[in-house]
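Open the model in your viewer and show it as a cartoon. Keep the selection box at hand, and follow the stops below.

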Amino acid sequence: MTTPALATGLAPEDVRRLRATAEFVREQETSVLLSRVLPGLDGPELRAVADRCAFAHAALLVFPADHPGLRAGLAACGLPDDAGARPSVVVRDRLAARHARDATDLDVRILRPAVHGPSGERRAVEVFALATPPGSALSALAAHERAHDHEAHLAFDVDRPDPLVLRGLRASLARHGAVADGGGYNPHEDGTVFYFATPTETKTPYRRMELYATGDHRDLLAEHLAERRPAEHGPDALREAGSGSDSHAAETLLRLLTGAWTTQALATCAELRLPEALSPHEPRTAARLAHEVGARPDALETLLRYLAMLDVVTEDRDGFRLTGTGLLLREDATGSMRPLAQMYGGPFYQSFAHLGHAVRTGEPGFEHLYGENHFDHFAHDPDLAATFDRSMAAGSRMFDPLPSHPVLTAAAAAPTPRTVIDVAGGTGELLGRVLAAHPSLRGILLERPHVVAAARGRLTATGVADRCAYRIGDFADVPPGGDVYLLSRVLHDWDDARCRDILRHLGRAMPPHADLLVVERLLPTDPTPSLATAWDLHMLCNTGGRERRADAYARLLDTAGLALVGHRPLPLDAHVLHVRKR
């Protein structure tokens, strides 16, 4: 008679666990699951974490008699085995360490049969399989692992992982009780895994969770492993971690010290118009590219290989291709970041050499270098001013959700046309989006003369110029009588005294019913890594302004007779602050 274990390739207990795991994966919503795994994670922070990582799979370890028999076990649970099994380095090494065995004796494979979430999104059940023939020396190991489910965990895939994002996510998890619990880099998948022990208050049966980041992030992984729970280490392991951490610290510091090389490599790439000369599909040799851009072939090849480390280009034996990242440095690319490369690798790069002066004296490094503030300096150089205005537009992804803000949707739904006034609105990137999304709204753009000229062209191209008027002036010239006022990325350019003046001008112009939407990056209230912290340093060195916390903005607004109603997160670590008259 055939036993269930032989019929399916898995023991009945493993079949039951596998079916339960698949059903769990099918039912979960990412944000709800995160709030259950990490009680206390809620509100804007929950939304921010859920925006950057999505529930991807739940994992378990099973013990088929052999790997071919696993296929029958998956089929019995209604799970496909389309991709086949690959080695699992991370789990193999964890098992070896936990059971004091030689890793080479453990044949651990990983499969990810696909299932679908509640909205049809593609997910997986991550199945680790350790071949355990009946009666083998691994039977006791299998019994222990089934009883304790050490490898069972929930996994979240990180969207567009980079060091800043990964550090921010790790900090958010730690703040809500998650503890570093190992991880590893899998060269077979080119992916890095960060494991965490969930807090004791977790509301799921899973005691571990994983962040999965595509690519090689072993520098951050070393920091993560150094934070593992002491119980996971013996004295010898702690000594080894100490000696290794010295080497890692030196390597980390060396990478940080050479950051200027990266800025200049990207700026030079843009200056030479390498992205325009490269193709995403057809490889091109350094010699051919050198002829097109006017460079020495050997020197250009050195630059290209550095750019390959940055994922701006890829290299194979036939030459170099442009990546999706590199495409953003093309001038005609949607959302082109070429102007940012020109600014950060040009005048702002030069001024950052005077950061020490700014820190010692409070005078911006830009003013110390050029003898005037950056607005006056740009006004004397039309080409530079145009590049700066384009660089501001390059960061406009933060505006994507703004047209759906309740203040704007309510104005658009009003029975009579409402007017949106964009104060110091640059070339009209934000106002154009608002007017395009809401055909019933009318707009007024207040800006300096040379900027208004550029804004007319942009808003005409957007197809909203017939509903937009222009005012040339400064903050003292804010038009009265608007229904909604926009003030985007302005206040961080100025010190508190100048901000109070600007807000008073706005307060005097705003009718009692008007709303003000302020777009700025908010400094975090704890040490969580944030783009706002980086931009705070940029403001110190280049404008004399600063980024602020929400409570600091509330105090500034209060001095102008305005009140902060609330704020919502936007992309790129920005926020929109809703303000009304008191």
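Is Asp573 buried, partly exposed or exposed? Select Asp573 and show the surface. Asp573 is partly exposed, because its relative accessibility is 33%. Now look at the backbone here. Asp573 sits in the loop that joins strand 17 (562-569) to strand 18 (574-581). Its phi is positive, about 60 degrees, although Asp573 is not a glycine.

**The whole view**

Zoom out. This is a predicted model. The protein has 582 residues, and 47% of them count as buried. Colour by secondary structure: there are 27 helices and 18 strands. Turn the C-alpha trace along its principal axes, and the spans are about 90 × 60 × 45 Å. The accessible surface comes to about 26,900 Å². Carbon and sulfur atoms hold 55% of that surface. Next, think about contacts. Among those with a separation of 6 or more, 67% join residues 24 or more positions apart.

**A second positive phi**

Select Arg273. This residue is in the loop between helix 11 (259-271) and helix 12 (274-277). Phi of Arg273 is near 60 degrees, again a positive value in a residue other than glycine. Arg273 has a relative accessible area of 32%, so it counts as partly exposed.

**The aromatic stop**

Show the rings. The structure holds 10 aromatic pairs. Pick out Phe366 and Phe378. Their ring centres are 5.9 Å apart and their planes meet at 85 degrees, so this pair is edge-to-face; the cut-off for that label is over 60 degrees. Phe366 belongs to helix 19 (residues 365-370) and Phe378 to helix 20 (residues 374-379), so the pair ties together parts 12 residues apart in sequence. Both Phe366 and Phe378 are buried.

Widen the selection. Tyr344, Phe348, Phe366, Tyr370, Phe378 and Phe388 make up one aromatic cluster.

**Charges over rings**

Move to Tyr195 and add Arg208. The charged end of Arg208 sits over the ring of Tyr195, 4.1 Å from the ring centre. Then go to Trp535 and add Arg521. Arg521 lies over the face of Trp535, and here the distance to the ring centre is 4.3 Å.

**Inside the cores**

Hide the surface. The largest nonpolar core has 44 residues. Which of them touch the most other members? Select Leu18, Val125, Leu154, Phe156, Phe194 and Leu211: these are the ones.

Stay on Phe194 and show what surrounds this residue. Beyond its neighbours within four places in sequence, Phe194 is in contact with residues including Leu166, Arg170, Met209, Leu211, His217 and His224. Another core lies apart from the largest one. That other core has 28 residues, among them Ile502, Ala514, Ala550 and Leu577.

**Cysteines**

How many disulfides does the structure hold? The count is 0. Select two cysteines anyway. Cys269 is buried, with a relative accessible area of 0%. Cys468 is buried too, with a relative accessible area of 11%.

**Around strand 15**

Select Ser488 in strand 15. Ser488 has 10% relative accessibility, so it counts as buried. Leaving out residues up to four places away in sequence, Ser488 touches Phe399, Leu430 and Val519.

Step on to Arg489. This residue lies in the loop between strand 15 (484-488) and helix 25 (496-509). Is Arg489 buried or exposed? Arg489 counts as buried, because its relative accessibility is 14% and the cut-off for buried is under 20%. Show its contacts, again without neighbours within four places in sequence: Met392, Gly395, Met398, Phe399, Val519 and Glu520. Phe399 and Val519 are listed for Arg489 and also for Ser488.

Now draw a line from Arg489 to Leu307. The two are 182 residues apart in sequence, and their C-alpha atoms are 31 Å apart in space.

**Last stop**

Select Ala75 in helix 5 (residues 67-76). Ala75 is exposed, with a relative accessible area of 54%. Draw one more line, from Ala75 to Thr268. Their C-alpha atoms are separated by 55 Å, and their positions lie 193 residues apart along the chain as sequence distance.

Methods: Residues numbered from 1 in each chain as written. Predicted model: local features only at pLDDT ≥ 70, side-chain atom pairs only at ≥ 80, totals over all residues. Heavy atoms only, no water. Phe/Tyr/Trp six-rings, centres within 6.5 Å; stacked < 30°, edge-to-face > 60°. Helix = DSSP H or I, 4+ residues; strand = E, 2+ residues; numbered from the N terminus. Buried < 20%, exposed > 50% of the residue type's maximum accessible area, 1.4 Å probe, protein only. Lys NZ or Arg CZ within 6 Å of the ring centre and 35° of its normal. Disulfide = S-S within 2.5 Å. Core = buried A, V, L, I, M, F, W, Y, C linked by side-chain atoms within 4.5 Å. Contact = heavy atoms within 4.5 Å. Areas by Shrake-Rupley, 256 points an atom, 1.4 Å probe, with all protein chains shown as cover.
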